[in-house]
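Trainee: Please take a close look at the charged side chains for me, pair by pair. Then set them against the nonpolar parts, so that I can follow both on the model.

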Amino acid sequence: MSATHLEPVYFLLVDDLAENLLALEALLRREGLVALKAKSGTEALELLLKYDVALAILDVQMPIMDGFELAELMRGTERTRRVPIIFLTAGSADRQRRFRGYEAGAVDFLHKPIEPDILRSKTDVFFELYRQRQEVALQRDELRIATDENVRLLNESRKYAAELKEADRRKDEFLAMLAHELRNPLAPVRNAVEILRLSGPTNDTIESAREILSRQVAHMSRLIDDLLDVARIARGKVRLRTERCDLVEIVRQTSEDYRPTLASSGVHFEIVLRQRSLPLMADPTRVAQVIGNLLHNAGKFTPPGGNVTVEVDAELDKGIGIVTVSDTGAGLDADVMAHLFEPFCQADQPLDRQNGGLGLGLALVKGLAELHGGSVSASSEGPNRGAAFTMKIPLMKVAVVANELSVSESAKSFAGGLRILIVEDNVDAARSLQMLLKFLGYQVEVAGDGNAGLNAVKAFHPNVVISDLGLPGELDGYALAQALRADPSSASLHLIALSGYGADEDRKRTRAAGFDQHLVKPVELTRLKDALSGISP
């Protein structure tokens, strides 16, 4: 540590003769030392009030207040009681005077004329001791400052962490509310589309308009779902519902679902299954979502006349299933490839944004593949030369047996004669769902709030109650379900929640309230049919 950072070391020199003070000052002169000169005990006490003194060199014989008396006063004051004292005397230094001097606190007793080397040697010891004390004090102060700064930074970090947590919570609430508010108006639109479809053949113009409505509702629903899923994955809140399933079958079914969409875009679609069966423990819905996103992405960037291929293969010795979706479309340049799976990353698009999207689909693919212990990668030979996306996912550690898995048929006949009560305050959503269910052959009534729903249950005697959750009045959807379960006459009803809220927490809450199923608006017709299938009147 440099001495330049330290305060000077002060020696107090007290002698009634000015020439003696000057001689002492000259004798002790060294860098970093300041000699405080006093010609009396009174002047010395004043200096002691201003300065922290490392050593006091006192002449014994002085008028008014001699050196002993000054030393005794110094010992009686807390500020100066530990200042070392060297007495100088030209008089007798008998044993009695020496004893008084040491009793007054002296560390040494020297006779005049002074031997310079001896005095300089003794004072150097006190100079160095004081310097060491200064350095220790400085280090202590620096440590205290560093500790205080660390505490400040820690508190600041905690404050920022709390603010970020609160902001994250508010964002979650906002996203959930946004999804709810966007899904609600989509529900009656989708219902209306299905009603038009079930109404039978119409002219080409109406058919074209219906298809446009259907595609746009599906597109909007997909954007909402992707946005929420990416947010959930980022927060680690996606919980997989794993079960034994078949990768080949998932790819086959998902591909067939997308075949009409690709065909309508003029894209040739080929499915290549190089394995008969690839069992795995996974969430089949999420795996289908990954493949669907890759097919949707390939379809978006492949022009009419192009090709999209999905291929299923495996590295059986490594226990890895491989799904590759390739196309002959727009391709990718190296800059885009580096950030392709990051949220909101998109290749450059013209101002018309013909391909649209939020840039979340591939981020979702990566997140879901990794949740299954798998990976996803992309390759392309460059712009306009197509691209290929490959997902690898661990297979079950069992022998692959062809056709071992049986895939349940989802197409089930409707149970005729079901009586369904819809509890929904949105008039358009309620009426459109009522019309759609009537087209399917059900008997349907509508109630606009929770209390009306309770009354309608007593009057209409439904088999199924489909209820919104955010109902006006005293009873929301949760309270309605609890009230129905609490009444023995309605406790066995099949209750279906239909809401714009679809997170895992929302589903837990509806189950806790007594609902049997939870559907998310806008519900697809096939999903609605599945929910009602198997319920007996």
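**Charged pairs and their surroundings**

Mentor: Glu-381 has a relative accessible area of 63% and is therefore exposed, a word that stands for over 50%, with buried for under 20% and partly exposed for what lies in between (1.4 Å probe, protein chains only). Keep in mind that this is a predicted model, in which local features need a pLDDT of at least 70 and side-chain atom pairs count only at pLDDT 80 or more, while totals for chains, interfaces and linings use all residues. Residues are numbered from 1 along each chain as its sequence is written, and side-chain values rest on heavy atoms, with hydrogens and water left out.

The partner of Glu-381 is Arg-385, and the closest N and O atoms of this salt bridge are 3.0 Å apart (a side-chain nitrogen of Lys or Arg within 4 Å of a carboxyl oxygen of Asp or Glu). Arg-385 counts as exposed too, because its relative accessibility is 55%. The whole structure holds 26 salt bridges, and two further pairs are worth following. Arg-152 and Glu-156 meet through their side chains at 3.1 Å, N to O, and since these two residues stand four apart in helix 5, about one helical turn separates them; helices (H or I, at least four residues) and strands (E, at least two) are DSSP runs numbered from the N terminus. Arg-152, at 39%, is partly exposed, and so is Glu-156, at 29%. In the other pair, Arg-81 reaches Glu-78 with its closest N and O atoms 4.0 Å apart; here Arg-81 is partly exposed at 37%, whereas Glu-78 is exposed at 54%. Salt bridges also link Asp-15, Asp-59 and Lys-112 in a network.

Helix 5 brings us to the nonpolar side of your request. Helix 5 (116-198) and helix 6 (204-234) each give two or more residues to a nonpolar surface patch, which covers about 280 Å² and is made by Val-189, Leu-196, Ile-206 and Leu-213. Such a patch takes residues with over 30% relative accessible area and no salt bridge, joining nonpolar side chains (Val, Leu, Ile, Met, Phe, Trp, Tyr) within 5 Å and like charges within 9 Å. Ile-206 belongs to helix 6, and with 38% relative accessibility this residue counts as partly exposed.

Strand 1 offers a contrast. Residues 9-14 make up this strand, and six of the six are buried, so strand 1 is largely enclosed by the rest of the structure. Val-9, Phe-11 and Leu-13 point one way, while Tyr-10, Leu-12 and Val-14 point the other. In a regular strand, side chains alternate between the two faces of the sheet. Strand 2 (residues 33-38) runs parallel to strand 1 and is joined to it by six bridges, where pairing asks for at least two DSSP bridges; Leu-12 faces Leu-36 across this pair.

Finally, the largest nonpolar core has 41 residues, of which Leu-247, Val-287, Leu-295, Val-308, Phe-389 and Met-391 touch the most other members; a core is a set of buried Ala, Val, Leu, Ile, Met, Phe, Trp, Tyr and Cys residues joined through side-chain atoms within 4.5 Å. Another core, of 24 residues, lies apart from the largest one and includes Leu-48, Leu-70, Ala-71 and Val-83.

Terms used
Accessible areas come from the Shrake-Rupley method with a 1.4 Å probe; for residues, only the protein chains shown count as cover.
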